[in-house]
Amino acid sequence: DAIDLNLGCPQRVAYAGHFGSYLLDRSDRDLVCSIVKRLSDALPVPVFCKIRLLDEPEDTLRLARQLEASGASLLAVHARYRG
């Protein structure tokens, strides 16, 4: 058992609803990390995150490290860009 947080959806509906890969922008980073931390702290199962590549490799690595520090147990990177 685990929680799988899909931060990789690039579909138009994700943009309209402000979810999926549209939560990967820097402006939402604190929100995403707080969600992962809250889930990780409160649940007895691991939290997994799926992300897409960001425009710059350094930004993708920074995000991966932030998610790990927030409590993500596993990170899957869909090796495609959002759009």
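The following legends describe an overall view and several close-up views of a predicted model.

**Figure 1. The whole chain of the predicted model, with 3 helices and 3 strands.** Read from the N terminus, the elements follow the order β-α-α-β-α-β. Along the principal axes, the C-alpha atoms occupy a box of roughly 35 × 25 × 20 Å. The radius of gyration is 12 Å, which agrees with the value near 12 Å for a compact globule of 83 residues. Among contacts with a separation of 6 or more, 69% join residues 24 or more positions apart.

**Figure 2. Surface and charge of the chain, which exposes about 5,400 Å².** Carbon and sulfur atoms supply 52% of this exposed area. Of the 83 residues, 33% count as buried. The charged side chains number 11 positive and 11 negative. The centres of these two sets are 4 Å apart.

**Figure 3. Close-up of H18, in the loop between α1 (12-17) and α2 (29-42).** The phi of H18 is positive, about 55 degrees, although H18 is not a glycine. Most residues other than glycine have a negative phi. H18 counts as partly exposed because its relative accessibility is 42%, a value between the 20% and 50% cut-offs.

**Figure 4. Close-up of S21, another residue of the loop between α1 and α2.** S21 has a relative accessible area of 1% and is therefore buried. Neighbours within four places in sequence set aside, S21 is in contact with L7, G8, C9, P10 and R82.

**Figure 5. Close-up of R29, in helix α2.** Is R29 buried or exposed? R29 is buried, because its relative accessible area is 6%, and the cut-off for buried is under 20%. Not counting residues up to four places away in sequence, R29 touches L24, L54, L63 and Q66. The view also takes in L67, which is 38 residues from R29 along the chain. The C-alpha atoms of R29 and L67 are separated by 9.3 Å.

**Figure 6. Close-up of the cysteines C33 and C49, in a structure that holds 0 disulfides.** Why is the sulfur of C33 without a bond to the closest cysteine sulfur? The closest cysteine sulfur, in C49, is 8.6 Å from that of C33, and this is too far for a bond; a disulfide would need the two sulfur atoms within 2.5 Å. C49 is likewise in no disulfide, and its nearest cysteine sulfur is that of C33. C33 is buried, with a relative accessible area of 13%. C49 also counts as buried, with a relative accessibility of 1%.

**Figure 7. Close-up of S73, in the loop between α3 (57-70) and β3 (74-81).** S73 counts as exposed because its relative accessibility is 52%, and the cut-off for exposed is over 50%. Which residues does S73 touch, not counting those up to four places away in sequence? They are P46, V47 and F48. L23 is 50 residues from S73 along the chain, and the C-alpha atoms of S73 and L23 are separated by 19 Å.

Terms used: Residues numbered from 1 in each chain as written. Predicted model: local features only at pLDDT ≥ 70, side-chain atom pairs only at ≥ 80, totals over all residues. Heavy atoms only, no water. Helix = DSSP H or I, 4+ residues; strand = E, 2+ residues; numbered from the N terminus. Buried < 20%, exposed > 50% of the residue type's maximum accessible area, 1.4 Å probe, protein only. Rg over C-alpha atoms; globule rule 2.2 N^0.38 Å. Contact = heavy atoms within 4.5 Å. Areas by Shrake-Rupley, 256 points an atom, 1.4 Å probe, with all protein chains shown as cover. Lys, Arg positive; Asp, Glu negative; His and termini not counted. Charge placed at Lys NZ, Arg CZ, Asp CG, Glu CD.
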